[in-house]
Every structure is written in C-alpha cells, then in structure tokens.
Amino acid sequence: MRLADTFRFARDAATGNPLRTALSVLAMSIGVAAVVVLTALGDGARRYVVDQFSSLGTNLVIVLPGRSGTGGFNPATAITSTPRDLTVDDAAAILRSPAVKRLAPLAVGLSEISYGGRLREATVAGTTAEFLEVRRMDLAQGRFLPREDWNRGSSVAVIGSKIREELFGPEPAIGQLVRLGDRRLRVVGVLKSTGQGLGMNTDELVIVPVALAQAIFNSNTLFRILVEAKSREAIPQAKDQTLEIIKSRHQGEEDVTVITQDAVLATFDKLLSALTLGVAGIAAISLAVAGILVMNVMLVAVTQRTGEIGLLKALGAPARTIRLAFLMEAAMLSTVGALVGYGLGQAGAFAIRQFFPVFPAYAPQWAVIAGLGTALATGLIFGVMPARRAARLDPVEALMRR
Amino acid sequence: MALIELSGIERVFHLGDSEVHALAALDLSIEAGEYVAVMGPSGSGKSTLLNLLGLLDRPNAGTYRLEGRDITTLSPDEQAKVRSERIGFVFQSFHLVPRLTAAENIALPMTLAGIPPRERAERVAQALRDYGLENRADHRPDQLSGGQRQRVAIARATIMRPAMILADEPTGNLDRATGDEVVRLLEELNGRGVTLVVVTHDQGLGARARRQIMMEDGHLKRDSGASGHRNAEAAGNPS
Ligand SMILES: Nc1ncnc2c1ncn2[C@@H]1O[C@H](COP(=O)(O)OP(=O)(O)O)[C@@H](O)[C@H]1O
Ligand SMILES: [Mg+2]
C-alpha cells in the first residue's frame, strides 16, 4: 500500500470512531499540557528569582555587620567582643581595593514624612550618589543625590513614586520642601516606579544623604555596604579584599559578613532548576499513562475491527501493510494529542502570565521538545503491540469473527 | 494442467477434547474456466473448502496446487500476494468496510496492492458503469440496498482481474429477484473465462452450474462433472 493511502486509511479509521479517538487524544493532550504548564511554572519561578536578584545590581558584593553568614546572633562573638559598627569610613576605605569599581553605603530606618498636612511613615535609606548606579535604578523626574563629601549631608531627598503620589497628588514635587523627622528637606528627584520586588520596595522609599540619615537616627552604623566589583571575574578578589580591609580597620577582627550575589543566585538557580526538572518528571509520568491509554484504545480498535483486518487479508494485504496502518493510526492519535496539548499548555502558561504579570511563566524549550518527543515516542511504542497483534491474526478466523 | 488440484486434503478443528474433521481425504481438480456449484447440508464442510481454495486457511494435511504451484508451503505474505492477484471473494454478508464509499470499497484491493491512484480511478469508474452503480459511487454501504452491496462486493472481487472467483452463499442474504441478478452477474464473469466456484444451498441455483459437487461430513459425496481420473475416483468413493 502506498504511504499516502495508508495515511488516508488510518485517518479515516481514526475519525470513523470519534469517541475512541477523542478519548486518546484527550489523554495525550492532558499529558503534554501538564508538561508545558508545570515546567512553565517551575522555570517561571526560577526566572523570577534570577530577575529579581539581577535587578538589585550586577557584580554585587554585599557587606553586612556581624559575624554570622545568615545574619543570626552569634554568642561566641557576643561574649568575646562587642560588635563593632560598620561605618561610612569603613565604606570609604573599601574603595582602595583595585577590584572595586564603586560602592554605596546604606543606612536604613523608619521615619515620618509630611508635606502640607499629609503625613505617612516611610522607610528612609541613607546613602550616596553612587547608589543609583550600583542598584541600577532609574529616575522619573529630577536628579539623584548630589556628589559630595559622604560625611556632609545636604538637606535633599529623592522619593519613591508612591510617596510622591500620596504626598503631592497631581502637584509638582520637585523643589518642594518636605518634613522628615525634625528636618526640612528639598525634594530633588522622584524614582521611577518598579512595582513589587524582592527586598526593598523602592516605590515607598525616601532616599537621603547617608550623613543626614545617621543624624536623624542618631546612629553611626550602616545597614549594608553595596560594593560593585569591576567585573564578574573580579568578584572573588573584591570579596577577599573587602574583608581584608575591614579586618585591618577592626583590629584584626572579622566582624562582618561578606556575601556575593552570585553565590546566592547560583544556589537559587540550582534549586529551582531541580524543582522544574522534578515537576517535568511528574508530568512525564502522565505522558506514559497517556501512552498506555493509547495502547488500550488501539487494542480495542484491533478487537473491534478484527473482521475488517480479516477482510484486508482476504483482499491480499500483507502483514506489513496492516501493521503500518495500525501503527500510523496510533501515531496520528498521539501526534494530534501532542499538538492539542501543546496548544492547551501554551494557552495555560499565557493565562498564568495574564493573571500574574510579574511571573515569567514560559515553558523552557527543552521541556517542550522533551514533552512532544515523549508523547510521540510513547504513542509509537505503545502502538506497536496492537499493530503486531492485528497483523498476526489468522485471515479466516479474523474474517469470521464479528 | 488444472487450475486447482487438491489431493489428500485434511482439515481438523479441535473443539475442546473432540475433533471435527471438517474436510477428510479430499481430492478435487478444477480446470480453468469451470463453473462449479458446491452443495450439501449445513456443516458439511463447504465453507471450509472454499476458505482453503482461497488461501484463507491451511489444510492439516494434503497438497494444494494452484496453477501448478504448491501453495501450502508459501509464507503468509506470499499467500497474500496470490490472493491479491489471482483470487476474488464474494461473501454472504458482503464484508464491505462501513466507513468507505462504494467506490472506495471497490478500489480497496488496488489500494492495498499499491496501484497508482489514476489507474485506480479509471478502473473503478469502469466497474461502476459495468455494475450499474454510477450514481451510488459516493454512498456508504449502509446507504445501499442488499443487491447494490453485493454488486459492490462483486465489483471489488473482480477489480484485480483474478483467475477465479470464490462465492460463499452470495445470495444467502438476498431476496429471490436480486439473488438471481447477482448470479447472472457471476455467470457473465464465468462466460468471460473466469473460474467460478459458488457455495449454495439453493438446488435451483446449483443446477445452473455446469458441474455440481455434493459435500457430506467433509467428504466429496458426488461430483457431477468429474473431469479427469482423480475426480472420477472421488465420485465413486462416497464413504
Ligand atoms: N473455526 C472452527 N472451529 C471449530 N470448528 C469449525 C470451525 N469452522 C468450521 N468448523 C466445523 O467444521 C464443520 C464444517 O463447517 P463449514 O465448512 O462451515 O460447513 P458449511 O459451510 O458446509 O456449513 C462444521 O462442523 C463446523 O462446526
Ligand atoms: Mg458455510
């Protein structure tokens, strides 16, 4: 039999029994759709975390006060020494490291901000002009903090977009004086809105010079020092040198923790990739189940069409022709199922992206290829057995059975 | 050389512990172009004989020579080729594929044999004209009358221009008039040189054949047209 004729014969046989065909197509499509949607979720989570970390800035080395890597309380250091402050001078000293491109000290506290009778509480970040570049932030209006001596804070503030909206509404904010604690500050810039993110929400942030923030909070210590290494390769060097400089300034005591963003990122990346893989594995099981269903459907088809197989043999069809026709039918069922499932899965991922716009739920290419491949392979593998059984039938017995 | 030569054919079915000798010590020879009616009571082995002649079944013992070639030793696929090229079947219950149209059913043997679509279309068109089915070409079997279905089946049986047509009670599911019409079509084919073997219950139909074979309990009871010494022996040995 010619290939085109075999194809048409198999197609007519499949469409000749719509319920049976729809059932196996449905099973296969659910399997493939599960692979696409689940891996889209898993990989979306991975990408979300990676994106969030990248948005914090690149090649970052972060210095936090205290010994413990997780920032927890360490009784050993608590007894032997009082924890030393991390100061603006410490930050300035780190700039000596040749591996460091720039850095921004960061002091954080809560304070009330008010303008024209409107008042609210806000997170205040005391930092320097470099913060904008280190954190890769953008301004919506005005300028950022001026470049000046870190120990001399001008009375200026840069505010987040939500603060601006709540305090000023439709009025212009730039150039206005706001009250922060007991200080009066001039608004020089407004940050571009970034929406919800990991860590600080910059939309509700008030940024002031670090010296000013420390004066308001009456404290000398920094919350973080954000160090940007010259390049990705320079990160380990920047980390070591930063630690060395702080240690020498703190009488040889290693009382800070230095983490690199890369290390955190790599851990998350690995963790979430493993999760995606695991989820894909679960989905693959549903594909195998779908394959078994296709096999059952084909076995029923062989039983139902025993008389027809006998007739084909009586009319001179060799075993190969019959095998091929049934195999083709099984392949068709799983191909159509796989394509429908692919469409459903992509639609599902699209729906997830519509409902959660920040969540990049795209199925990774490897998962799509593996899902479609597994569907077709199981369809064929599980189609072989019924096809062989059909081809082996004895002509007279097949013909007489109804 | 005879078209069909059976000698010492045995066909035994096992039903639980008992054995059924559907055919026993059967010798038969049929020349090319003959018109043979196979008759006998129900269960006498007529269908078993026809299935054997059509290579749908294998004997437990004996030899079957078709056009001088020993057929029983061929592989299943070689037998399929012989069926495709030399044998046409007409069944009592038509055996049409329900989802295919009349034209597609007629074309099926050619499709299975891999004949190109253009030649198929030409030969099917001719067959539809020959059997008066022109305006039934796109009808499915359930949209056809019994007589039309059997005409489709005969058109299908002849489309590969076989050397012989085997018909197992072809009029069994038809009324008298359409049955006669179907027999007339088969006899026309025989008139053009195709060997015709018809199994029938109907005495009248059987009498129209030039040669009658009576079966009983798997034996050849009587052979009217015993041509050649072997058939004469069979005819004289009814036990
Ligand atoms: N597949 C089979 N299994 C068991 N017995 C069978 C089978 N086919 C035929 N027989 C038996 O063989 C005998 C001859 O059957 P058959 O050739 O169909 O008779 P007929 O066509 O003359 O009525 C019967 O006894 C029947 O029961
Ligand atoms: Mg019978």
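The following legends describe views of a predicted model of chain A.

**Figure 1. Secondary structure and overall extent of chain A.** The chain contains 13 helices and 10 strands. Its radius of gyration is 33 Å, whereas the globule rule gives 21 Å for 402 residues; chain A is therefore more spread out than a compact globule. Along the principal axes, the C-alpha atoms fill a box of roughly 100 × 55 × 35 Å.

**Figure 2. Burial and contacts within chain A.** Of the 402 residues, 49% are buried. Among contacts with a sequence separation of 6 or more, 80% join residues that are 24 or more positions apart.

**Figure 3. The surface and charges of chain A.** About 18800 Å² of chain A is exposed, and 60% of this area comes from carbon and sulfur atoms. The chain carries 42 positive and 33 negative charges, and the mean positions of these two groups lie 9 Å apart.

**Figure 4. Ile225(A) in strand 9.** This strand spans residues 224–229 of chain A and includes Ile225(A). Ile225(A) has a relative accessible area of 0%; because buried means under 20%, this residue counts as buried.

**Figure 5. The contacts of Ile225(A).** Leaving aside residues up to four places away in sequence, Ile225(A) touches Val61(A), Ile62(A) and Val63(A), together with Leu86(A), Ala91(A) and Ile94(A). Leu103(A), Ala104(A) and Pro105(A) are also touched by Ile225(A).

**Figure 6. Ile225(A) and Arg46(A).** These two residues are separated by 179 residues in sequence. In space, the distance from the C-alpha of Ile225(A) to that of Arg46(A) is 27 Å.

Methods: Residues are numbered from 1 along each chain as its sequence is written. Chains are lettered from A and ligands numbered from 1 in the order in which they are written. This is a predicted model: local features need pLDDT of at least 70, side-chain atom pairs count only at pLDDT 80 or more; totals for chains, interfaces and linings use all residues. Side-chain values use heavy atoms; hydrogens and water are left out. Helices (H or I, at least four residues) and strands (E, at least two) are DSSP runs, numbered from the N terminus. The radius of gyration is taken over C-alpha atoms; the globule rule is 2.2 Å times the number of residues to the power 0.38. Buried means under 20% relative accessible area, exposed over 50%, partly exposed in between (1.4 Å probe, protein chains only). Contact means heavy atoms within 4.5 Å. Accessible areas come from the Shrake-Rupley method with a 1.4 Å probe; for residues, only the protein chains shown count as cover. Lys and Arg count as positive and Asp and Glu as negative; His and the chain ends are not counted. The place of a charge is taken as NZ of Lys, CZ of Arg, CG of Asp or CD of Glu.
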